[in-house]
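Open the model in your viewer and keep a selection panel at hand. Each stop below says what to select and what should then be in view.

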2 protein chains.
Amino acid sequence: MSQQAVNGVSCRGKVLTVENMNPNVKRVEYAVRGPIVQRAVQIEKELREGVKKPFTEVIKANIGDAQAMGQRPITFFRQVLVLCSYPELLEDNKFPEDAKKRARRILDACGGHSIGAYSASQGIECIRQDVARYIERRDGGIPSNPDNIYLSTGASDAIVTILKLLVCGEGRDRTGVMISIPQYPLYSAALADLAAVQINYYLDEDNCWSLNVAELKRALNEAKQHCKPRVLCIINPGNPTGQVQSRQCIEDVIQFAKEEHLFLMADEVYQDNVYAEGCKFHSFKKVLFEMGPEYSSTVEMASFHSTSKCYMGECGFRGGYMEVINMDPEVKAQLTKLVSVRLCPPVPGQALLDLVVNPPQPDEPSYTLFTKERTAVLATLAEKARLTEEIFNEVPGITCNPVQGAMYTFPRITLPQKAIDKAKAEGKVPDMFYCMKLLEEEGICLVPGSGFGQKDGTFHFRMTILPPTEKLKVVLQKIRDFHLRFTNEFS
Amino acid sequence: MSQQAVNGVSCRGKVLTVENMNPNVKRVEYAVRGPIVQRAVQIEKELREGVKKPFTEVIKANIGDAQAMGQRPITFFRQVLVLCSYPELLEDNKFPEDAKKRARRILDACGGHSIGAYSASQGIECIRQDVARYIERRDGGIPSNPDNIYLSTGASDAIVTILKLLVCGEGRDRTGVMISIPQYPLYSAALADLAAVQINYYLDEDNCWSLNVAELKRALNEAKQHCKPRVLCIINPGNPTGQVQSRQCIEDVIQFAKEEHLFLMADEVYQDNVYAEGCKFHSFKKVLFEMGPEYSSTVEMASFHSTSKCYMGECGFRGGYMEVINMDPEVKAQLTKLVSVRLCPPVPGQALLDLVVNPPQPDEPSYTLFTKERTAVLATLAEKARLTEEIFNEVPGITCNPVQGAMYTFPRITLPQKAIDKAKAEGKVPDMFYCMKLLEEEGICLVPGSGFGQKDGTFHFRMTILPPTEKLKVVLQKIRDFHLRFTNEFS
Ligand SMILES: Cc1ncc(COP(=O)(O)O)c(C=O)c1O
Ligand SMILES: Cc1ncc(COP(=O)(O)O)c(C=O)c1O
């Protein structure tokens, strides 16, 4: 008898199957890189292989990835990174003195003067100091303590880490986390993974996707029936909805968090991406401190930033930080221990972050070019935000709030009943059906609104405004044509 | 009555406290960056501030961080990274043609031809292809499929991800994971975080820290009483123990895994770090396939590699990959989805990994320098491995197995009963007491054996062999003197 038959191994099947794997992982969803994107990659392959399509390229407007859409990196940032990677070039007079100064300072703070060494788990100390000074400048002098700064592998990493600290309890005592709907799906994915309870509060589409406290209260009170709400997550400027919160709204949210004893998570990765007249970025930290010591010394908060967005768009480097405020010192020690298990965030990303928070100053040689590049990116984004709103709102069946900030539009689309029925017959969510058809017919890759959450019976898609202006015009045109055709086809 | 008193907020204390935080996080421990290291950082600060100490610098031999200890990066690798970061330099004739060729290929595979774009979540496709070809060369032609390669944020990230897929069940059905004792504490930390059951199997110190299957069986059978063992983790070459497993041992382990229906995790980040005569690195994959289709088509496995170790020691970049073998396709789809939530591993780390798996070839201009640098690093490590064993074994009360591979020695130390009593009186683990005293008196930072696990009643420390040869000699000398003094003091 064979060994195999004796052990019965052959009948046992796999050790790890989709039936017996971690059920929390199964519940995770992440639409930004979901089936539409997988199909888009496939279509790109088919195009390369010469398969005929009604278009010659796939335009990926599904993800906030500026450089993938052709945006050029900030020269100064890349110069410093080069000098950090290959210090021999510090002797090369091709590189400006301020870039060399920054590189030397970063290298001096690295183990063995090399970005190839692990850093402290919380991040390189002098970079945390620079971050703290940046926050102080941004917030008009409100103090920031470098001990409260944790560098991270993109904001994603920091967000998941804070959620992990907060989630506990079983059954009705399980931690509930309030997130906006529509949301950035990192949040729902992390909550599924942690088996936390997701508490949805709806943004008000009729009021430019604003947040109102009555809705927070409704959501919280309902949730209290079945879980222990502990955390309130805010994204400002908003992804996918592009709204910028007013100072008043932020104050109301903070007051609500205090009253309801909630830990605040403020995702502020788009803090430089504000375009609309009359809108301004207010950090939660600043508003918190302006509300007086009753708030600033009690409300617990973490705020998140990233090198991936704003004017730099350096997504590939995975740089980021969080600042924790009023966190219990013992919990902070636990946080420091937890991040030490993964050793440290990538050091090139830390270096890049240092440049973001400590850019060229007016008396430095790189200032002019830096300012020119930065301004150009932000001006173009503002122009594209305007253009997008304008063109979409001309299309019957598409309505679109102003893109006040961030990098996305989340227009509402009216779908004919026949299309909804057809989608259901095919076992598809209606806006997924719509986006898939758009991809197949026009080569444009968007994310269905259902990937972010939306009010029942409403349909949306998310599109980034990142394609170069001329290409964006083509995209908008194609979506318009498609939408009209689609509406006709199913009417 | 004030708002505060009405709500009772002021009496409620913090939202997040060490009492009500995630209990799994509290159970996490990570000695490599524990209290000894925190004290070392403090002492460094004191030295800078002019505090008098019996030494002038702290030597950190606690972590496998080659460049922090002065090792220079491989020139070719950094050249390509520079060209990827700042493509203007592709026109510069300071850089060799093969470096430019590699950089162009990597950039062509990046979104928008920039390493500042997010990559595919599984990693850049052409780099995964290069990894697969590297594995095929390494394993004498056994095929490797790029679809089975996942790039990662260091090996740490990939290891935690695979464990996360595998852990499920409650109570006696909870997943059990077998790890060696002594172990690399990433494993115990990840298991605590996932609330998995840690199953200890002991390496045989009397036989050069070898692994024997009888001990695996013992550990497994005991564990079956209280959990569902599903996973067997192996580190080869070993950290902290420095052993290199024989081919026969690997075959036995694989057979055991098959018989007992266990998922194998092979941590092979030190695959180039083999020094001892007669020792050779055998990958689990290769042995698995040489055992015939009965094994190679059934045993599920993941193997891990990293840019942090071997001859390159590029820890700061956090590059790595895993290869999954015989993984259920549906589970693989879940894995792909899970990694997509974090968007992608850092792209500079991916680029670096590409160079590790696709280094200069004999007909390319950088080959000579690359080979010289690589050989020099590995030859020096071999020399330091020999030196360490030799000097420690001369000290009465220290016994030390040969450092066959990896970057560490894990010598056993005999502690006088009085020292053990003193430590206990101070509430300290005896080897922690020893290492802390060594740090205070000699400025040498090691990790106590208790941080990795050891047989009850035995004591060890882990030291890296990474300090430059002359400094290593000083370190060994100082530890010898300290050990004799310590033994005297407590006799
Ligand atoms: C609102 C929001 N938060 C966090 C992130 C994560 O960004 P990263 O991990 O690249 O810093 C994103 C990325 O799109 C985002 O839109
Ligand atoms: C055995 C082992 N596995 C994994 C790692 C993680 O390395 P990294 O995450 O830097 O790739 C280490 C680091 O020391 C290690 O020793």
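The tour goes through a predicted model, beginning at a ligand and moving on to the contact between two chains.

Start by selecting ligand 2, which lies between chains A and B. Expand the selection to its surroundings and 17 residues appear, the closest being Tyr118(A), Ser156(B), Tyr270(B), Ser306(B) and Ser308(B). By class, this shell consists of nine nonpolar, five polar and three charged residues. Colour helix H8 of chain B, residues 154–166, and you have the element that gives the most to the shell, with four residues.

Next, display distances from the oxygen atoms of the ligand. An oxygen atom of ligand 2 is 2.6 Å from a side-chain N or O atom of Tyr118(A), and the side chain of Asn239(B) likewise places an N or O atom 2.6 Å from an oxygen atom of ligand 2. For Arg318(B), a polar side-chain atom lies 2.8 Å from a ligand 2 oxygen. Taken alone, ligand 2 exposes 400 Å², and the protein buries 99% of that area.

Now select the interface, where 98 residues of chain A are in contact with 99 residues of chain B. About 8,500 Å² is buried between the two chains, with carbon and sulfur atoms giving 56% of it. Val15(A), Leu16(A) and Tyr118(A), the last of which is also among the residues closest to ligand 2, supply 9% of the area that chain A buries against chain B, more than any other three residues.

Finally, show Lys94(A) and Asp92(B), whose side chains meet in a salt bridge at 2.5 Å, N to O; ten salt bridges are found across this interface.

Key: Residues are numbered from 1 along each chain as its sequence is written. Chains are lettered from A and ligands numbered from 1 in the order in which they are written. This is a predicted model: local features need pLDDT of at least 70, side-chain atom pairs count only at pLDDT 80 or more; totals for chains, interfaces and linings use all residues. Side-chain values use heavy atoms; hydrogens and water are left out. A residue is near a molecule or strand if one of its heavy atoms lies within 4 Å of it. A polar contact is a pair of N or O atoms within 3.5 Å; within protein, one must be able to donate a hydrogen and the other to accept it, and residues adjacent in sequence count only if both atoms are side-chain atoms. Accessible areas come from the Shrake-Rupley method with a 1.4 Å probe; for residues, only the protein chains shown count as cover. Helices (H or I, at least four residues) and strands (E, at least two) are DSSP runs, numbered from the N terminus. Ala, Val, Leu, Ile, Met, Phe, Trp, Tyr, Cys and Pro count as nonpolar, Asp, Glu, Lys and Arg as charged, and the others, Gly among them, as polar. Contact means heavy atoms within 4.5 Å. Buried area is the accessible area (1.4 Å probe) that two parts lose on being put together, summed over both. A salt bridge is a side-chain nitrogen of Lys or Arg within 4 Å of a carboxyl oxygen of Asp or Glu.
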